[in-house]
Amino acid sequence: MPIIKPISALRNKSKEISKLVHESREPVFITKNGEGDMVLMSMQEYNRLIDGAHYGKLLEAERDIKFGVKPIPAKKVFEKLRKKHFGKSKN
């Protein structure tokens, strides 16, 4: 069952919220005016989540290579990113 707290709990009970996040190892959903506003989690759980996402991307890349998908050279990837975000390529 998700843990849901109002935003006022951050101001009035921040130590309790911190303890809850660390002990439960679950995210705490914060509401503002009855609507979902943000999610709090411990740094340890956040890092675990990010590491899992990165691992999944590595597995996906390995699977693609195994099935003959030709990898894109890093130079081309960065060139596309520069063009997308800065409107230009490095020449």
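Leu20 lies in helix H2. Helices here are DSSP runs of H or I with at least four residues, strands are E runs of at least two, and both are numbered from the N terminus. This is a predicted model, where local features need pLDDT of at least 70, side-chain atom pairs count only at pLDDT 80 or more, and totals for chains, interfaces and linings use all residues. Residues are numbered from 1 along each chain as its sequence is written, and side-chain values use heavy atoms, with hydrogens and water left out.

**Helix H2 and its contacts**

- Leu20 counts as partly exposed because its relative accessibility is 28%; buried means under 20% relative accessible area, exposed over 50%, and partly exposed in between (1.4 Å probe, protein chains only).
- Leu20 touches Ile3, Lys5, Arg25 and Val28, leaving aside residues up to four places away in sequence; a contact means heavy atoms within 4.5 Å.
- From Leu20 to Met41 the C-alpha distance is 9.5 Å, with their positions 21 residues apart in sequence.
- Lys19 also sits in helix H2, which covers residues 14–24.
- Lys19 is exposed, because its relative accessibility is 52%.
- The C-alpha atoms of Lys19 and Met38 are 18 Å apart, and the two residues are 19 apart along the chain.

**Loops and positive phi**

- Arg25 belongs to the loop between H2 and strand E2 (28–32).
- Its phi is positive, about 60 degrees, although Arg25 is not a glycine.
- Arg25 is partly exposed because its relative accessibility is 44%.
- Asn33 is in the loop between E2 and E3.
- Asn33 is another residue other than glycine with a positive phi, near 55 degrees.
- Asn33 counts as exposed because its relative accessible area is 76%.
- Ser42 falls in the loop between strand E3 (35–40) and helix H3 (43–66).
- Ser42 is buried, because its relative accessibility is 5%.
- Val21 and His22 touch Ser42, again not counting residues up to four places away in sequence.

**Helices H3 and H4**

- H3 has 24 residues and reaches 35 Å from first to last C-alpha, close to the expected 34 Å; the expected span is 1.5 Å times one less than the number of residues.
- Gly68, just after H3, has a positive phi of about 85 degrees.
- H4 (residues 74–86) has 13 residues and should span 18 Å at 1.5 Å a residue, so the 17 Å between its end C-alpha atoms agrees.
- H4 is hardly covered, and none of its 13 residues is buried.
- Gly87 follows H4 and has a positive phi, near 75 degrees.

**Whole chain**

- The protein chain holds four helices and three strands, in the order β-α-α-β-β-α-α along the sequence.
- Its radius of gyration is 20 Å, whereas a compact globule of 91 residues would have one near 12 Å; the radius is taken over C-alpha atoms, and the globule rule is 2.2 Å times the number of residues to the power 0.38.
- The C-alpha atoms fill a box of roughly 55 × 35 × 20 Å along the principal axes.
- Of the 91 residues, 10% count as buried.
- Of the contacts between residues at least 6 apart in sequence, 31% join residues at least 24 apart.
- The accessible surface is about 8,200 Å², with 58% of it on carbon and sulfur atoms; the areas come from the Shrake-Rupley method with a 1.4 Å probe, and for residues only the protein chains shown count as cover.
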